[in-house]
Amino acid sequence: MLFLEWEARYPQEWTHHAKAWGTKQSLLRDLALAHQPEAIRAKLTDLVEIVVHRAYRCKDREYVRVARAVDSADLRGRLDRAVESDSPWARCQAGYVRWLLDRPDLPNTRRVWRAWLAGQAPASR
């Protein structure tokens, strides 16, 4: 968890000292699969919020798995606020994550991301 928090909060330092995209991806996938205690769920919710407010970094798309795993009224409220923010990136990323939370059967693939960006989001299967 600290590895992911370091990368989320201090991306330049993390890239300089600990850059390991495969490790990041594996950790995110593991955290999204396991049933987490409330304190960990709260930290993961914070991380999802941080990530939607920054420019995309390698493997950030994996945070959709985490968002789905910790889906809650709190997370949805944070994403809704990000959608209303002044940051175009936050509006875009949070909108996409929020949209996917409403469509749990839709995969988080590059094709789905590109279609969503183009305003032609595919229907759920």
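The chain has 125 residues, and for a compact globule of that length the radius of gyration would be near 14 Å; the chain has 14 Å, so the value agrees with a compact globule. The model is a predicted one, and every value below was computed from it. Along its principal axes, the C-alpha trace spans about 40 × 30 × 25 Å.

**Overall build**

- The secondary structure of the chain comes to eight helices and zero strands, and a reader who follows the sequence from its start meets the pattern α-α-α-α-α-α-α-α.
- Among the contacts in the chain with a separation of 6 or more, 57% are accounted for by residues that lie 24 or more positions apart.

**Inside and surface**

- Of the 125 residues in the chain, 42% are buried, a term that stands for a relative accessible area under 20%.
- The accessible surface of the chain comes to about 7,000 Å², and carbon and sulfur atoms hold 53% of this surface.
- The chain carries 22 positive and 16 negative charges, and the mean positions of these two groups are 7 Å apart.

**Aromatic rings**

- A pair of aromatic rings is described by two values, the distance of the centres and the angle of the planes.
- The chain has seven aromatic pairs by the rule used here, and one of them joins Trp 14 and Trp 21, whose rings are 4.9 Å apart from centre to centre with 55° between the planes, an arrangement that counts as tilted.
- Trp 14 has a relative accessible area of 0%, and this residue is therefore classed as buried.
- Another aromatic pair is formed by Tyr 96 and Trp 99, which are 6.5 Å apart from centre to centre with 25° between the planes; this pair counts as stacked, because planes under 30 degrees apart are given that name.
- Tyr 96 and Trp 99 both belong to helix α7, which covers residues 88-101, and because they are three residues apart in this helix, about one helical turn separates them.
- Both partners of the stacked pair are buried, since Tyr 96 has a relative accessible area of 2% and Trp 99 has a relative accessible area of 13%, while the cut-off for a buried residue is under 20%.
- Tyr 96 and Trp 99 are also members of one aromatic cluster, in which they are joined by Trp 89, Trp 113 and Trp 116.

Definitions and conventions
Residues numbered from 1 in each chain as written. Predicted model: local features only at pLDDT ≥ 70, side-chain atom pairs only at ≥ 80, totals over all residues. Heavy atoms only, no water. Helix = DSSP H or I, 4+ residues; strand = E, 2+ residues; numbered from the N terminus. Rg over C-alpha atoms; globule rule 2.2 N^0.38 Å. Buried < 20%, exposed > 50% of the residue type's maximum accessible area, 1.4 Å probe, protein only. Contact = heavy atoms within 4.5 Å. Areas by Shrake-Rupley, 256 points an atom, 1.4 Å probe, with all protein chains shown as cover. Lys, Arg positive; Asp, Glu negative; His and termini not counted. Charge placed at Lys NZ, Arg CZ, Asp CG, Glu CD. Phe/Tyr/Trp six-rings, centres within 6.5 Å; stacked < 30°, edge-to-face > 60°.
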